[in-house]
Amino acid sequence: MTKPSLPDLLHAAVSAVGGTERPGQVAMAEAVAEAIDDNTHRLIQAGTGTGKSLGYLVPALAHGERVVVATATLALQRQLVERDLPRTVDALHPQLRRRPQFAMLKGRSNYLCLHRLHEGAPQDEEEGLFDQFEAAAPTSKLGQDLLRLRDWADETETGDRDDLTPGVSDKAWSQISVSSRECLGATKCAYGAECFAEAARERAKLADVVVTNHALLAIDAIEGAPVLPQHEVLIVDEAHELVSRVTGVATGELTPGQVNRSVKRAAKLVDEKTADSLQTASESFERVMELALPGRLEEVPEDLGYALAALRDAARNVISAMGATRDKSVQDEDAVRKQALAAVESVHAVAERILLGSEYDVVWYERHDRFGATLRVAPLSVSGLLREKLFEDRSVVLTSATLKLGGDFNGVAASLGLSAEGVEGEDAPVWKGLDVGSPFDYPRQGILYVAKHLATPGREGTRGDMMDELAELIEAAGGRTLGLFSSMRGAKAAAEELRGRLDNPILLQGEETLGELIKAFAADPKTCLFGTLSLWQGVDVPGPSCQLVIMDRIPFPRPDDPLMSARQKSVEQHGGNGFMAVAATHAALLMAQGAGRLVRASGDRGVVAVLDPRLATARYGSFLRATLPDFWYTTDRNQVRRSLAAIDAAAQADGK
């Protein structure tokens, strides 16, 4: 039998999902197939509306080897597993003469733990386990969540938190889930045979396509113990998020509360002298942290060094002692021991890492009004880790709507540990970049307006001229506005000010769940939605409800961000332009994602308004503009108001 052609397979899949075949999608599918066949790597930029999920799924399924697809957002994971994969597999089955299997795999703490559910959760103040269902008042929100979880446990087939609707609080979920470090292991656990996390792993081992998230991909790479099944092809969707997700997984932290909990959990499992030494070290650490001021620690101060050394040594002694003692008076001792061991090992690992003082790590203090001080350590760069762990022994395809920054792929490639395109080095993986464009006609569908007449935003204080501009633009648009702010304080200030000036309803992130806010925003064209970072990337509202996207300022990282400023300084020390490589790249990615909220369908029209004159006047402005969709560009405030009024009138005439 002749092998079915890729165009035929793609056509069948696109028809099955009710989509439209697009030239960019065909070009993408061909590039993915070529990368898989040649065992090479691709960076593919595919604009909104290209249909990139099918652009990589069809060639991957046709190839027949196991594929891992890693995404950043839950929404895309759900779309792949619940919509795209079932329909695509059905469509391709007659031509492939086989039915590829697919499965979702997440970290262990995403699955309900039957042992924790039935035997109870460790309690810090008491030895043994307590029944969390008895402890929580049935009338409290926590109690109601736990009762609902107990009922859900009897009916769920997956135990996956994301399959529970409506969801529950993190506090409730933590009562019935465990991390991989706390898990007893299937062979030691009385519920091992029924374990949801183990069942998910077994399904993944049998699947042709495994859908996971960036965090689990990072854990698989960093921790050395494979979590994902062996695979020949890795596809990273939403790849612009990968570096920050991997950085998050590779970041360690210590807080006095966390250290204190580890002391309480270990105290009943070791002798008094060993427990007391950890308690004393914990108290010393807490005293140091009370005086901690936010900011980077270029060197570990002497008092902190002493406290961390005492913590590290005491934690190591506790870990050794735990292996040698047994206390049968402790209820379900194995589970209590495993939880205590995980807590103390985490303290030991972070304290030791900071004391090692690696030049490749950044250490800093953070302060929070409610939670006090936190000590953090993160890698200066994850590019070496990604180059070594991501691109070996498999073909890798990275795709997103925003991978070209300032006109080329090299900025994103460098953050992934890759050389410039076409440059071959001894240990540098070879890759090719491809921009398949977008099906949208950006110059006709959208306007990029820069408010060049406004004052340059400062670090502090309200911007009266910006508030006036914001109000005028929203009035001209008749509402229909998504306001993207670089800080939550800025979003709140704008919402409070404009609620007093405009008749339009203004929704503010944090006042309701994100899902509810987006639903309300989409339902009423007169409504505006203001918010910060997650809105820059997480809003998909096609149609007339979103015809004006406003950015209050270029979203550079804060100058006092310890990790970003350390990365910037490192680039400069190596002869590069730290501002462009770190701050401008960070801003460009966010602005491209934010501008991408405007045009989500072929009939969408509107304006992206940037209320920061630096986009028009600064030298780096052209780099940032080259990263944005190719909208018609203007700095004429009267022109943009007329355009918004015309777009609003057209939408009203259509009854929207």
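**Spaces, a helix face and some backbone details**

The helix α5 provides the largest share of the lining of the largest cavity, namely 3 residues. I begin with that cavity, and I should say at once that the model before you is a predicted one.

The largest cavity holds about 270 Å³ of space. In total, 4 cavities of 30 Å³ or more are counted in this model. Around the largest cavity stand 24 lining residues, and those nearest its centre are C113, H115, V178, C183 and L184. Three helices each supply at least two residues of this lining: α5, which spans 114-119, α9, which spans 196-206, and α15, which spans 333-356. As to the character of the lining, 15 of its residues are nonpolar, 5 are polar and 4 are charged.

Let me stay with α9, since this helix also has a buried face to show. Which residues of α9 are buried? They are F196, A197, A200 and A204. These four lie on the same side of α9, because they cover an arc of only 100° around its axis. There is a general point behind such a pattern: an α-helix has 3.6 residues a turn, so residues three or four places apart point the same way. The elements that cover the buried residues of α9 include the strands β3 (102-104) and β6 (209-213), together with the helices α5 and α7 (141-155). The helix α5 therefore appears twice in this account, as part of the cover over α9 and, as noted at the start, in the lining of the largest cavity.

I turn now from the cavity to a pocket. The second largest pocket contains about 380 Å³ of space. Its lining consists of 14 residues, with D220, H231, K389, E392 and R394 nearest the centre. Two helices, α10 (214-222) and α16 (383-390), each contribute at least two residues to this lining. Of these, α10 gives the most, with 3 residues. By class, the lining of the second largest pocket comprises 6 charged, 5 nonpolar and 3 polar residues.

Beyond the end of α16 there is a backbone detail to record. D393 sits in the loop between α16 and β12, the strand at 395-400. The phi angle of D393 is near 65°, a positive value in a residue that is not glycine. Is D393 buried or exposed? Its relative accessibility is 70%, so D393 counts as exposed.

A second residue of this kind is N39. Although N39 is not a glycine, its phi is positive, at about 55°. N39 belongs to the loop between α2 (23-38) and β1.

On the other side of β1 we come to T48, in the loop that runs between β1 (41-45) and α3 (52-63). T48 has a relative accessible area of 18%, and because the limit for a buried residue is under 20%, T48 is buried. What does T48 touch, leaving aside residues up to four places away in sequence? Its contacts are A401, S438, P439, F440, Y442, G596, V599 and R600.

One last item concerns a peptide bond. The bond from T165 to P166 is cis, with omega near -10°. P166 is located in the loop between α7 and α8, the latter spanning 170-174. The helix α7 was named earlier, among the elements covering the buried residues of α9.

Terms used: Residues numbered from 1 in each chain as written. Predicted model: local features only at pLDDT ≥ 70, side-chain atom pairs only at ≥ 80, totals over all residues. Heavy atoms only, no water. 1 Å grid on protein atoms, 1.4 Å probe; cavity = no way out; pocket = protein on both sides within 12 Å on 5 of 7 lines; lining within 4 Å. Points joined across faces, edges and corners; volume = space filled by probe spheres on them. Nonpolar A, V, L, I, M, F, W, Y, C, P; charged D, E, K, R; others polar. Buried < 20%, exposed > 50% of the residue type's maximum accessible area, 1.4 Å probe, protein only. Contact = heavy atoms within 4.5 Å. Arc of directions from axis to C-beta.
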